[in-house]
Amino acid sequence: MNKLLTFVLGLVLWSACSAPNKVVQQTSSSQKIEGNLIPQDNSITADASMESFIAPFRESLEEEMSRSITHIARNLESSKGESTLGNFVTDAFFNYVKTEVDSTIDFALLNLGGMRSDAVAQGDFTRGELITLLPFDNRLVIVEMKGKQLENMFDFIVRRHGEPFANMTMVVSSDSYEVEIDGKPFDHNKVYRVATIDYLQRGGGGMAFFKDVEHVEATDILLREAVKQYCLTKESIDVELDGRYKELN
């Protein structure tokens, strides 16, 4: 297995910095392995028997991926600060968790980097488009935070000029910010329950403030599945900017 891995790595390195076609790999045991790259282009003819074998699976998969899970009423776009695409995903995530998993959560926080589409077009929203938008198998976690931990979160969001969140508002001025959670001013002494994903809770996306949280509830619920289940309950979804993140300067 190690020799095979070495050989594969050798192929990758060679393809990045050497002339095409010929591959030579010298292993640690002084064995010399030579091979040739096979160009993946139209010169390769599909194997008819393999095509026939794959066809029913491909058709079934394409049918499943093209199935609509809701209708999007207007074009959604991703951008720094508040965005319609960020609002769509975080609102769907928050509302699903709030109604189906844990009614005690106060707000949800995700990251723009986890959304791998720049836009979703008005019209039917398919399972395939959802997978393209949220390709990672990130799972819901609920954490409890208060005081300084949340202030570190707010500071991070300000430095990033916004990240997608739901059921919270932030108004940022030159030297301060005001935060409301569930329509109420942020209480430094209250313990808040925050819905997010395991990747971010482990400090991914630069969110190191999550790593010091002591109370973490892990689940097997995928972010993508939560959004899908929410969409399936809605015939149509209309998302607008609502001023949940605003910079005054």
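In the predicted model, the buried residues of helix α3 are T84, L85, G86, N87, F88, V89, T90, A92, F93, F94, Y96 and V97. The helix comprises 18 residues, running from residue 84 to residue 101. From its first C-alpha to its last, α3 reaches 25 Å, close to the 26 Å expected at 1.5 Å a residue. In general, an α-helix has 3.6 residues a turn, so residues three or four places apart point the same way.

D91 of α3 is partly exposed because its relative accessibility of 23% is not under the 20% that defines burial. The side chain of D91 meets that of R244 in a salt bridge, with an N to O distance of 3.0 Å. This contact links distant parts of the chain, since D91 belongs to helix α3 whereas R244 sits in the loop between β15 (236-237) and β16 (245-247), 153 residues apart. R244, in contrast to its partner, counts as buried, at 8% relative accessibility. The D91 and R244 pair is part of a wider arrangement: salt bridges that share partners join E82, D91, D242 and R244 into one network. In total, the structure holds 17 salt bridges.

Two further salt bridges were examined. The side chains of D137 and R224 meet at 2.7 Å, N to O. D137 lies in the loop between α4 (127-133) and β8 (139-145), and R224 lies in helix α7 (residues 223-232), so this salt bridge ties together parts that are 87 residues apart in sequence. D137 is partly exposed, with a relative accessible area of 47%, whereas R224 is buried, with a value of 15%. The helix that carries R224 is itself mostly covered, with seven of its 10 residues buried. The buried residues of α7 are L223, R224, A226, V227, K228, Y230 and C231. In the other salt bridge, the side chains of E163 and R160 meet at 3.3 Å, N to O. E163 counts as buried, at 5% relative accessibility, while R160 is partly exposed, with a relative accessible area of 30%.

Internal space was also considered. Rolling a probe the size of a water molecule over the atoms shows where empty space is left. A search of the whole structure finds two cavities of 30 Å³ or more. The largest cavity holds about 60 Å³ of space. Its lining consists of G81, E82, S83, G86, N87, E163, P164, F165, R244 and Y245. Several of these residues recur from the preceding paragraphs: G86 and N87 are among the buried residues of α3, E82 and R244 belong to the salt-bridge network, and E163 is the partner of R160. By class, this lining has three nonpolar, four polar and three charged residues.

The second largest cavity encloses about 40 Å³. L110, N111, G114, M115, L134, N138, I197 and L223 form its lining. Among these, L223 is also one of the buried residues of α7. The lining of this second cavity divides into five nonpolar, three polar and no charged residues.

Aromatic contacts were analysed next. A pair of aromatic rings is described by the distance of the centres and the angle of the planes. The search of the whole structure finds eight aromatic pairs. In one of them, the ring centres of F154 and Y177 are 6.0 Å apart and the planes stand at 75°, so the pair is edge-to-face. Because F154 lies in helix α5 (residues 147-159) and Y177 in strand β11 (residues 177-181), this pair ties together parts that are 23 residues apart in sequence. F154 is buried, at 0% relative accessibility, whereas Y177 is partly exposed, with a relative accessible area of 26%.

F154 also pairs with F186. The centres of these two rings are 5.1 Å apart and their planes are at 90°, so this pair too is edge-to-face. F186 is found in the loop between β12 (184-185) and β13 (192-197), and F154 in helix α5, so the contact ties together parts that are 32 residues apart in sequence. Ring pairs link F154, Y177, F186 and Y192 into a cluster.

Key
Residues numbered from 1 in each chain as written. Predicted model: local features only at pLDDT ≥ 70, side-chain atom pairs only at ≥ 80, totals over all residues. Heavy atoms only, no water. 1 Å grid on protein atoms, 1.4 Å probe; cavity = no way out; pocket = protein on both sides within 12 Å on 5 of 7 lines; lining within 4 Å. Points joined across faces, edges and corners; volume = space filled by probe spheres on them. Nonpolar A, V, L, I, M, F, W, Y, C, P; charged D, E, K, R; others polar. Phe/Tyr/Trp six-rings, centres within 6.5 Å; stacked < 30°, edge-to-face > 60°. Helix = DSSP H or I, 4+ residues; strand = E, 2+ residues; numbered from the N terminus. Buried < 20%, exposed > 50% of the residue type's maximum accessible area, 1.4 Å probe, protein only. Expected span 1.5 Å × (residues − 1). Salt bridge = Lys/Arg side-chain N within 4 Å of Asp/Glu carboxyl O.
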